[in-house]
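Reader: Before I build anything on these coordinates, I would like to go through the terms used for them and hear what each one rests on. Could we begin with the contacts between chains?

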Number of protein chains: 4
Amino acid sequence: MATQANSVPHPILVEVDPFIPADQQKGLHNRWHPDIPAYATVKPGQVFKLQCVDWTGAQIGNNDFSDDIRNVDLTKVHNLSGPIAVEGAEPGDCLVVDILDVTPFEKMPWGYTGIFELENGGGLFAKEFKSKAAKAIWDFKGVYATSRHIPGVRFAGVSHPGLIGTAPSAELLATWNERERGLISKDPTAVPALAFAPEIKGAYIGQDLDPEVIKKIASEGARTIPGREHGGNCDIKNLSRGSRCYFPVFIEGANLSVGDLHFSQGDGEMSFCGAIEMAGVITLSTSVIKGGVEKFALKQPIFMPSPVDPLYSSKLIFEGISVDIHGDGKQYDMDATVAYKQAALNAIAYLMKIGYTREQAYLLLSAAPIESHVGALVDSPNACVTLALPLGIFEHDILPKEEGLQKIDFGQCAIRSDGVV
Amino acid sequence: MATQANSVPHPILVEVDPFIPADQQKGLHNRWHPDIPAYATVKPGQVFKLQCVDWTGAQIGNNDFSDDIRNVDLTKVHNLSGPIAVEGAEPGDCLVVDILDVTPFEKMPWGYTGIFELENGGGLFAKEFKSKAAKAIWDFKGVYATSRHIPGVRFAGVSHPGLIGTAPSAELLATWNERERGLISKDPTAVPALAFAPEIKGAYIGQDLDPEVIKKIASEGARTIPGREHGGNCDIKNLSRGSRCYFPVFIEGANLSVGDLHFSQGDGEMSFCGAIEMAGVITLSTSVIKGGVEKFALKQPIFMPSPVDPLYSSKLIFEGISVDIHGDGKQYDMDATVAYKQAALNAIAYLMKIGYTREQAYLLLSAAPIESHVGALVDSPNACVTLALPLGIFEHDILPKEEGLQKIDFGQCAIRSDGVV
Amino acid sequence: MATQANSVPHPILVEVDPFIPADQQKGLHNRWHPDIPAYATVKPGQVFKLQCVDWTGAQIGNNDFSDDIRNVDLTKVHNLSGPIAVEGAEPGDCLVVDILDVTPFEKMPWGYTGIFELENGGGLFAKEFKSKAAKAIWDFKGVYATSRHIPGVRFAGVSHPGLIGTAPSAELLATWNERERGLISKDPTAVPALAFAPEIKGAYIGQDLDPEVIKKIASEGARTIPGREHGGNCDIKNLSRGSRCYFPVFIEGANLSVGDLHFSQGDGEMSFCGAIEMAGVITLSTSVIKGGVEKFALKQPIFMPSPVDPLYSSKLIFEGISVDIHGDGKQYDMDATVAYKQAALNAIAYLMKIGYTREQAYLLLSAAPIESHVGALVDSPNACVTLALPLGIFEHDILPKEEGLQKIDFGQCAIRSDGVV
Amino acid sequence: MATQANSVPHPILVEVDPFIPADQQKGLHNRWHPDIPAYATVKPGQVFKLQCVDWTGAQIGNNDFSDDIRNVDLTKVHNLSGPIAVEGAEPGDCLVVDILDVTPFEKMPWGYTGIFELENGGGLFAKEFKSKAAKAIWDFKGVYATSRHIPGVRFAGVSHPGLIGTAPSAELLATWNERERGLISKDPTAVPALAFAPEIKGAYIGQDLDPEVIKKIASEGARTIPGREHGGNCDIKNLSRGSRCYFPVFIEGANLSVGDLHFSQGDGEMSFCGAIEMAGVITLSTSVIKGGVEKFALKQPIFMPSPVDPLYSSKLIFEGISVDIHGDGKQYDMDATVAYKQAALNAIAYLMKIGYTREQAYLLLSAAPIESHVGALVDSPNACVTLALPLGIFEHDILPKEEGLQKIDFGQCAIRSDGVV
């Protein structure tokens, strides 16, 4: 048939089942290490797809309790698809990656946002809120998401990989482990932990390798929680479908890995598992710029955002400064993290005025396309950070009114089966 | 003449001359204190204008040396126009302020961006760069600015008041002074200072008051450097002409003051005097929402941005994490300030590849409509912050290319007459 | 498995194979008539998918000649999926349709744009150009399209159904046929035809119906070429995925049909088959507003555009007026069609200066996200219309330069195997 | 004083008083003719200002009756500031004009939108509505306009010169006059007129010239109503402050003239005097590209729009096709003007449902930043054109609702003192 001729689907280099635990599947791994061999190799210019499980590897269900969040095993995260080697890429090169598309599986048109327990994962307000597990299930309806657990909003996804990066060299890996161990050593028993050292438990490589190699990788491999010089778990919402990213290359072939797909996320990803986490498919293509690290002074990835990121021009913006206004009134020294947190708490207080519970507001700000800008970082002692709610995501008008705000009963998000919040 | 009938200009409630030192003019003040009387009173709904000197009060000149920056007297800043009382505003109310326009004086179509000396003002990289005074003069050409000191760029201004706020109550003022003194006491001799205590020297009220009142204000009045719960020097670029801001009211009449007009600024305002500082005119109108503080949970101002903020959709975005990658490699704990600084240093390094000096790059990132987003603040231990260069402001294509970046000789910005950089 | 529970894919109500001729498949039809029974019925609020063949029903191939365009059988177009009845919809109601997503088939990651022969389909410049068949094949790479036949551009798709509408009542159908026959009668032998009367040849209903009913539908059914009061073939590029459309309902159930999916299109769709035509899947949901036609004065559809339409803020805009500047210089009377054509010819002339052939330029302006605005329609005698090229779709800088425009050899698009252009 | 040094305001090359009739002032003219001498000359790169009277030259007042609109003398329009010669510009060159700013006079913070009588000016619906004079006065509040005659809306201005162009050569002028006379001759007594021939009455040159020269200009000079190859009265709202325009040059010096300043306008400028007409100041700079007409195939101006055009991302869009749905149901042949009119009538009907009178709706759609896109011009016989209302300009929510639209009493615009509408 004429029209079928030359109809070649883009190849799927990693195939997974989103309903099967990650550690029972091939092509997935959850540690960073230069010795993890490439699972597949591509030529520059080739378009290819990678299927991805959700970041937990099928630990969370589409239901109305948060017990699975409470009990999640975080030694097993994040489950990444790859590594993918790119022909011709060498240390010092720049790997150009086009993130061409990011979509959920057709058979799994839903995702979730979670508040993790203070003792198991935490989140930006884990201590302030003494967080207990909670979650919202989001239904994917084409470009939009809605949630039965957070009624009254609908928004377009700024879909992106929460985690994408090239493999570190042995030297870079050693640097990471050393500097993070240094931080941990300041308070080794902190809850939540200050950082995460290599951990054999839960480590998974997803390929049939010599047990000695696996052991080495598991015992040395960097954890995937933080973003680092190679990209990694940066959780930048605008590294979305349609964006083009320039990565430094540290080993032969670059060995790109990707996972932690997000249907949507707000700047800051507040509640830790704050994005709308999903399993799905990412479409990529790559090219190599020889010597790009030197050419572009490339200490970390740089990128061009997508022309199809959601545009909501009307916003309500909350300010925050580096004083703990919502707590003890303590004055911090130009601390943008504190300023962000205050802006976020101002926004949560506002959302509670229109009827959301604190947990719903926390989840919504984490998951929706919230914009957070650094205002100023030079007006001692107060950093100023803003956080913007896009008005177009709300079904009703939430702007300040002469008569005050209309309070609606939006129920509550999914909480623990024992009812503890 | 028929067409002249009903042609009533908006009243100018504070008139100043931008070329005369601020402390020789009426209607200006440079401290926050509830006892500063209203200089004028408006009715809700009334449109009015306030003329403003530049933040230093005419200390900086349109020339090619930075000696004036080096020698600036910072006890005299910021010079604010007002206070303006609003009829009917009472503590606990919300003062709605429409920032209708912000323009330079016709007779002064220029402004400046400065790098301040480590010992006199500092800036975000004052220590890293051991900053010596430098500056760029910007010429205003309608909606655009260009600089002979930073060739190769032209951008539309996101013009705004760097500083706008309501007067504090005595209680709030006491809180500010106490918490900031607490911070200062941790390292009273820090350079730059951690914060700024009330300072009689340089204090100016701009009205004929009882000397005892002036003395009280000068000795208790909060300094204007940081933004606080009332707004103040937040330096939020998107609080721009066309925006609507909701302020908490702390005293009878609200007593709004405004100054530190910026023709443009980048998120973060990096170099301290990083905006394009200008003298000019701000057009405002107000309204009052009774009990708004309670109605909207208003701990700090919230605002709606303007529909006429500059739109540059193509961007090159730099990532930064809370590791001092450009310095000693130290690992910080979820520190967004460090992450912002690393993103900024990545951008500076890139701009140096295309030919700008470090000082030019620092000034440009401070002054142009740079966007800085908080990426994620939950991936321990690394905060991730991004910084976006709008491509449309550059006269030539600065994107990464196979062949590397074209390096152009852009000269140097204004430096000290002794040639020290 | 816990994560599989409640993972229910959205139902596919029409399933087709894009490689099989449309008239061999069920659930497709190519005429408008109230007697075509609903192929499926949905409840308000339900999310569902419809698969669609390309508008020609598999007549065009992915190859490098345009003979298939030359020989296309236009009596068989457009092939629509449906009708879909919505429970509770009655004449006079408003049918709200959310266009949730529009994607190509995974197995067919390509589409085409065609210039049709003057004698078979034509196009806006069919007479001026004495058009011979030509085409461009576009490869879909996630959100982007590129073409081997038009190198040097890449753009994000504003994907949409070229054709979507509710079924006409018998009265409305009669009105259409009468008024269009009136136009045809003014010049029955015009080439291209002024309009298209009902045509039994090629008519297809896609359901097993009484032959008498089929005959009635085929002989009375309105052709699908023009948009009309019910929507239909409006070819509005911004009725894209993420948009919400309000249709008048004319018969019980509303009977919505959809097809002619476009990966992208420029305003005007210049070359007739000017969009990037594709087969694919549309995801929809609906609701009903009783009496909406009266409530909203709904003579034709109205809609809210999508927040994820591609945003390219930098543009080069061409003006056109209602004088045939490119032809005989004739003065027209406030004719926006002529003004559009002149703006388009100005743009084509510019694109030829940078190296595209006339055919490539014609195809590119038809397919890319070109914006055409009505400037003014009141300055007698000249209508003014503009046409904007988004600069971000070009791989190189096409702006006017002191030194003129760089001319690149972009080859030629697909032409007829006999080489006639 | 140091800060005053080098503070050089941009020169004002044409100074006018907006309250004095145009024909009593220098530097204004209201016909196009190559023999009008340059009123001033600029060097490329120089920033300069031109003051402009409103298009009628002070015929319309800020009051609540439309009698001045009814009685306007249209032989005296448009009053243009200039011509301004640019050093070095020669026929065949491209004159690059940066429209740097467009602002009202401080002493005249208001403008107007008018519906002209069928017999004196008309407008797009003059016949359908049998238009009687009506108007709305708009108050300028910084970047925004509001009207006591059209309550319930506030919008940011997309301020622009309705009219800007280079002087025609004698040959081009002759072509204009010939082709427009040809159109007029088809129906010389049409009301409104089809076009406007040269007219001695009302002609004004604004310079002390030889009476013979004045007579020649007055008798041959092209009227300013339509836009033409040189730009002229194109009334393109996005040729706004911040845009850069490329004009063909037809005579030595280019001789640029500008006027008809608009604070805002909708695409189409529907009611003829549909923009918010104002007197004010335009800031410009120019450069010359030698041989630019040939280099860029420049038959008409092309331009780059401004980064500070108002952005209202939420819209309600009305469709129109080339059938007179609101009138006799007549079928037109691919007529975009008819399609625009139907979309506009659909929008007017909708606005009447929320409480505006037909006259208010007509004025609002003319004056507000309405976007009108050409949908498709190839689906015979129906052109499809859309018209978009930005939702952010309305004080209340105007979206379609289950319960219908809330109708508010908005009063009426300014009408004739005899009460005839």
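Contacts, symmetry and fold

Author: In this predicted model, 83 residues of chain B are in contact with 83 residues of chain A, where contact stands for C-beta atoms, placed from the backbone, that lie within 7 Å.

Reader: What makes up the side of chain B that touches chain A, in terms of elements and of nonpolar, polar and charged residues?

Author: Two or more residues each come from the helices α3 (170-184) and α6 (336-353) of chain B, and the strands that do so are β12 (227-228), β16 (272-277), β18 (302-304), β19 (315-321), β20 (371-376) and β21 (384-390) of chain B. By class, that side of chain B holds 45 nonpolar, 21 polar and 17 charged residues.

Reader: How do you know that strand β18 of chain A pairs with β19(B)?

Author: The criterion is that DSSP finds at least two bridges between two strands. Strand β18 (residues 302-304) of chain A and β19(B) are joined by 2 bridges, so the pairing criterion is met, and the two strands run antiparallel. Within this pairing, A:Ile302 stands opposite B:Phe318 in β19(B).

Reader: Why is it said that chains A and B meet through the same surface?

Author: Of the interface residues of chain B, 100% are also interface residues in chain A, and therefore the copies meet through the same surface. As for the geometry, a turn of 180° with a shift of 0.0 Å along the axis lays chain B on chain A with an RMSD of 0.0 Å. The residue of chain B that comes closest to the rotation axis is B:His373, at 2.3 Å by its C-alpha.

Reader: What makes the relation between chains D and A that of a two-fold axis?

Author: Chain D can be laid on chain A by a turn of 180° and a shift of 0.0 Å along the axis, with an RMSD of 0.0 Å, and that is the relation of a two-fold axis. In chain D, the residue that comes closest to the rotation axis is D:Ser313, with its C-alpha at 2.7 Å.

Reader: How many residues does the contact take from chain D and from chain A, and how do you know that the copies meet through the same surface?

Author: The contact takes 6 residues from chain D and 6 residues from chain A, and the side of chain D that touches chain A has 2 nonpolar, 3 polar and 1 charged residues. Because 100% of the interface residues of chain D are also interface residues in chain A, the copies here too meet through the same surface.

Reader: Turning to a single chain, why is chain A called as compact as a globular protein of its length?

Author: Chain A has 7 helices and 22 strands. Its radius of gyration is 21 Å, and the globule rule gives 22 Å for 421 residues; the two values are close, so chain A is as compact as a globular protein of that length. Along the principal axes, the C-alpha trace of chain A spans about 65 × 65 × 45 Å.

Reader: Where is chain A divided into domains, and what connects them in terms of contact?

Author: Domain 1 covers 2-304 and domain 2 covers 315-415, and the C-alpha centres of these two domains of chain A lie 27 Å apart. In chain A, 33 residues of domain 1 are in contact with 28 residues of domain 2. On the domain 1 side, β7 (110-115), α2 (126-129), β8 (134-141) and β16 (272-277) of chain A each supply at least two residues, and the largest share, 4 residues, comes from β8(A). That side of domain 1 divides into 16 nonpolar, 10 polar and 7 charged residues.

Reader: What makes the backbone at B:Pro381 and at A:Asp235 worth a separate check?

Author: The peptide bond from B:Ser380 to B:Pro381 is cis, with omega near 5°, and B:Pro381 lies in the loop between β20 and β21 of chain B. In chain D, the bond from D:Ser380 to D:Pro381 is likewise cis, with omega near 5°. A:Asp235 is not a glycine, yet has a positive phi of about 50°, and is found in the loop between β13 (231-232) and β14 (244-248) of chain A.

Reader: How confident is the predictor in chain A and in the complex?

Author: Chain A averages a pLDDT of 97, with 100% of the residues scoring at least 70, and the complex is given an ipTM of 0.98 and a pTM of 0.98.

Definitions and conventions:
Residues numbered from 1 in each chain as written. Chains lettered and ligands numbered in written order. Predicted model: local features only at pLDDT ≥ 70, side-chain atom pairs only at ≥ 80, totals over all residues. pLDDT = per-residue confidence, 0-100. Contact = placed C-beta atoms within 7 Å. Nonpolar A, V, L, I, M, F, W, Y, C, P; charged D, E, K, R; others polar. Domains from an automatic or database assignment. Least-squares fit on C-alpha atoms with pLDDT ≥ 70 in both. Rg over C-alpha atoms; globule rule 2.2 N^0.38 Å.
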